[in-house]
Amino acid sequence: MSDKTIFQKIIDREIPAPLVYEDELVAAFNDIQPQAPTHILIVPKKLIPRVGEAGAEDQATLGALLLAAGKIADKLGIKSRDKGFRLVINHGRDAGESVPHLHVHLLAGRQLEWPPG
Ligand code: AMP
(Lines give C-alpha, C1' and ligand atoms only; values in the text may rest on other atoms or scores of the structure.)
Protein backbone atom coordinates (compact mmCIF):
# COMPACT_ATOMS: atom_id res chain seq x y z
CA MET A 1 0.00 0.00 0.00
CA SER A 2 1.28 3.48 -0.89
CA ASP A 3 1.95 5.70 2.11
CA LYS A 4 2.11 8.82 -0.04
CA THR A 5 0.06 11.77 1.11
CA ILE A 6 -2.90 12.80 -1.02
CA PHE A 7 -0.89 15.84 -2.10
CA GLN A 8 2.08 13.70 -3.11
CA LYS A 9 -0.27 11.65 -5.30
CA ILE A 10 -1.52 14.85 -6.96
CA ILE A 11 2.05 16.05 -7.53
CA ASP A 12 3.02 12.65 -8.95
CA ARG A 13 -0.06 12.79 -11.24
CA GLU A 14 -1.56 9.65 -9.68
CA ILE A 15 -4.68 11.61 -8.74
CA PRO A 16 -5.97 14.06 -11.37
CA ALA A 17 -6.00 17.70 -10.34
CA PRO A 18 -5.15 20.49 -12.76
CA LEU A 19 -2.05 22.36 -11.60
CA VAL A 20 -2.49 26.13 -11.52
CA TYR A 21 1.28 26.58 -11.02
CA GLU A 22 4.37 24.40 -11.01
CA ASP A 23 8.11 24.92 -10.78
CA GLU A 24 11.08 22.81 -9.73
CA LEU A 25 10.22 22.94 -6.02
CA VAL A 26 6.47 23.44 -5.67
CA ALA A 27 3.11 22.74 -7.28
CA ALA A 28 -0.28 24.40 -6.76
CA PHE A 29 -3.85 23.26 -7.34
CA ASN A 30 -7.38 24.24 -6.31
CA ASP A 31 -8.62 23.16 -2.89
CA ILE A 32 -11.33 20.52 -3.22
CA GLN A 33 -13.44 22.27 -0.54
CA PRO A 34 -12.93 25.97 -1.25
CA GLN A 35 -13.39 28.43 1.61
CA ALA A 36 -13.32 31.47 -0.69
CA PRO A 37 -13.93 32.10 -4.41
CA THR A 38 -10.19 31.54 -4.89
CA HIS A 39 -8.69 28.82 -2.69
CA ILE A 40 -5.43 27.37 -3.93
CA LEU A 41 -3.02 25.05 -2.14
CA ILE A 42 0.70 25.56 -2.75
CA VAL A 43 2.62 22.44 -1.88
CA PRO A 44 6.33 21.55 -1.83
CA LYS A 45 7.29 18.60 -4.02
CA LYS A 46 9.48 17.41 -1.17
CA LEU A 47 7.46 15.93 1.68
CA ILE A 48 7.78 18.21 4.70
CA PRO A 49 4.96 17.16 7.05
CA ARG A 50 4.39 20.61 8.56
CA VAL A 51 6.11 23.97 8.69
CA GLY A 52 7.60 23.54 12.17
CA GLU A 53 9.38 20.42 10.98
CA ALA A 54 11.20 22.14 8.13
CA GLY A 55 14.95 22.35 8.54
CA ALA A 56 17.68 24.68 7.37
CA GLU A 57 18.05 22.50 4.26
CA ASP A 58 14.46 23.46 3.34
CA GLN A 59 15.11 27.19 3.15
CA ALA A 60 14.88 27.35 -0.64
CA THR A 61 11.67 25.29 -0.64
CA LEU A 62 10.05 27.50 1.99
CA GLY A 63 11.00 30.57 -0.02
CA ALA A 64 9.65 28.99 -3.19
CA LEU A 65 6.23 28.53 -1.56
CA LEU A 66 5.88 32.27 -0.88
CA LEU A 67 7.34 33.30 -4.21
CA ALA A 68 4.86 30.98 -5.93
CA ALA A 69 2.03 32.66 -4.02
CA GLY A 70 3.07 36.05 -5.39
CA LYS A 71 3.30 34.70 -8.94
CA ILE A 72 -0.12 33.03 -8.71
CA ALA A 73 -1.65 36.21 -7.27
CA ASP A 74 -0.15 38.18 -10.12
CA LYS A 75 -1.54 35.75 -12.68
CA LEU A 76 -5.00 35.95 -11.09
CA GLY A 77 -4.95 39.76 -10.95
CA ILE A 78 -5.28 39.91 -7.15
CA LYS A 79 -1.84 41.28 -6.30
CA SER A 80 -2.82 44.95 -6.22
CA ARG A 81 -3.45 46.46 -2.76
CA ASP A 82 -7.09 47.22 -3.60
CA LYS A 83 -7.72 43.50 -4.11
CA GLY A 84 -5.47 41.14 -2.13
CA PHE A 85 -5.17 37.64 -0.82
CA ARG A 86 -4.39 35.77 2.39
CA LEU A 87 -1.86 33.01 2.98
CA VAL A 88 -2.50 30.46 5.73
CA ILE A 89 -0.40 27.57 7.04
CA ASN A 90 -2.00 25.25 9.59
CA HIS A 91 0.43 23.37 11.84
CA GLY A 92 -1.04 20.68 14.04
CA ARG A 93 -4.40 19.84 15.55
CA ASP A 94 -5.25 23.16 17.20
CA ALA A 95 -4.69 24.95 13.90
CA GLY A 96 -6.91 22.49 12.03
CA GLU A 97 -4.24 20.71 10.01
CA SER A 98 -5.77 17.75 8.21
CA VAL A 99 -3.17 16.75 5.59
CA PRO A 100 0.34 16.01 6.91
CA HIS A 101 2.14 17.51 3.91
CA LEU A 102 3.08 21.17 4.26
CA HIS A 103 0.84 23.43 2.21
CA VAL A 104 0.09 27.13 1.98
CA HIS A 105 -3.55 28.09 1.51
CA LEU A 106 -4.01 31.07 -0.82
CA LEU A 107 -7.45 32.58 -0.22
CA ALA A 108 -8.99 35.45 -2.14
CA GLY A 109 -12.07 36.76 -3.88
CA ARG A 110 -14.04 37.95 -0.86
CA GLN A 111 -13.50 40.19 2.17
CA LEU A 112 -11.67 37.99 4.66
CA GLU A 113 -12.33 38.50 8.35
CA TRP A 114 -9.75 39.24 11.00
CA PRO A 115 -9.10 37.72 13.48
CA PRO A 116 -9.54 34.38 11.72
CA GLY A 117 -11.75 31.76 13.35
P1 AMP B 1 -5.34 21.73 6.25
O2 AMP B 1 -6.62 21.59 7.02
O3 AMP B 1 -4.62 23.01 6.47
O4 AMP B 1 -4.45 20.50 6.46
O5 AMP B 1 -5.76 21.76 4.73
C6 AMP B 1 -5.97 20.64 3.96
C7 AMP B 1 -6.77 21.07 2.77
O8 AMP B 1 -6.66 20.08 1.77
C9 AMP B 1 -8.26 21.26 3.05
O10 AMP B 1 -8.62 22.61 2.76
C11 AMP B 1 -8.94 20.27 2.11
O12 AMP B 1 -10.12 20.76 1.56
C13 AMP B 1 -7.86 20.07 1.04
N14 AMP B 1 -7.91 18.81 0.32
C15 AMP B 1 -8.01 17.55 0.84
N16 AMP B 1 -7.97 16.64 -0.16
C17 AMP B 1 -7.83 17.32 -1.32
C18 AMP B 1 -7.73 16.95 -2.70
N19 AMP B 1 -7.78 15.68 -3.09
N20 AMP B 1 -7.60 17.94 -3.62
C21 AMP B 1 -7.54 19.23 -3.24
N22 AMP B 1 -7.64 19.64 -1.96
C23 AMP B 1 -7.77 18.72 -1.01
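Which residue has a polar backbone atom 3.1 Å from a nitrogen atom of the ligand? Select Ile 32: one of its polar backbone atoms lies at that distance from the ligand nitrogen. The model on screen is predicted, and the tour starts at the ligand.

**Stop 1: contacts of the ligand**

Keep the ligand displayed and add Val 99. A backbone N or O atom of Val 99 is 3.0 Å from an oxygen atom of the ligand. Next, show the side chain of His 105, where an N or O atom lies 2.8 Å from a ligand oxygen. With these contacts in view, consider the surface of the ligand: taken alone the ligand exposes 500 Å², and the protein buries 83% of that.

**Stop 2: the shell around the ligand**

Now select the surrounding residues, 16 in number. The closest are Asp 31, Asn 90, Gly 96, Ser 98 and His 105. Colour the shell by class, and it divides into seven nonpolar, seven polar and two charged residues.

Which element gives the most to this shell? Select helix H1, which contributes three residues.

**Stop 3: the largest pocket**

Turn on a pocket display. The ligand sits in the largest pocket. Two elements, H1 and S2, give two or more residues to the shell around the ligand. The space in the largest pocket comes to about 840 Å³. Its lining is made of 32 residues, and those closest to the pocket centre are Asp 31, Gln 35, His 39, Leu 41 and His 105. Asp 31 and His 105 were already selected at the previous stop, among the closest residues to the ligand.

To see the lining by element, select these in turn; each supplies at least two lining residues:

- helix H1, residues 6-11
- strand S2, residues 26-30
- strand S3, residues 38-44
- strand S4, residues 86-88
- strand S5, residues 104-108

By class, the pocket lining has 17 nonpolar, ten polar and five charged residues.

**Stop 4: the cavity**

How many cavities of 30 Å³ or more does a search of the whole structure find? The search finds one. The largest cavity holds about 40 Å³ of space. To outline the cavity, select Pro 49, Arg 50, Val 51, Ile 89, Asn 90, Glu 97, Val 99, His 101, Leu 102 and His 103. This lining divides into five nonpolar, three polar and two charged residues. Two of the names have come up before: Asn 90 is among the closest residues to the ligand, and Val 99 makes a backbone contact with a ligand oxygen.

**Stop 5: two backbone details**

Leave the ligand and look at the backbone. Most residues other than glycine have a negative phi, and most peptide bonds are trans. Select Arg 13, in the loop between H1 and strand S1 (19-22). Arg 13 is not a glycine, yet its phi is positive, at about 65°.

Finally, go to the segment after S5, where Pro 115 lies. The peptide bond from Trp 114 to Pro 115 is cis, with omega near 0°.

Methods. Residues numbered from 1 in each chain as written. Predicted model: local features only at pLDDT ≥ 70, side-chain atom pairs only at ≥ 80, totals over all residues. Heavy atoms only, no water. 1 Å grid on protein atoms, 1.4 Å probe; cavity = no way out; pocket = protein on both sides within 12 Å on 5 of 7 lines; lining within 4 Å. Points joined across faces, edges and corners; volume = space filled by probe spheres on them. Helix = DSSP H or I, 4+ residues; strand = E, 2+ residues; numbered from the N terminus. Nonpolar A, V, L, I, M, F, W, Y, C, P; charged D, E, K, R; others polar. Near = heavy atom within 4 Å. Polar contact = N/O pair within 3.5 Å; in protein donor to acceptor, adjacent residues only side chain to side chain. Areas by Shrake-Rupley, 256 points an atom, 1.4 Å probe, with all protein chains shown as cover. Sits in = over half its atoms within 2 Å of the grid points.
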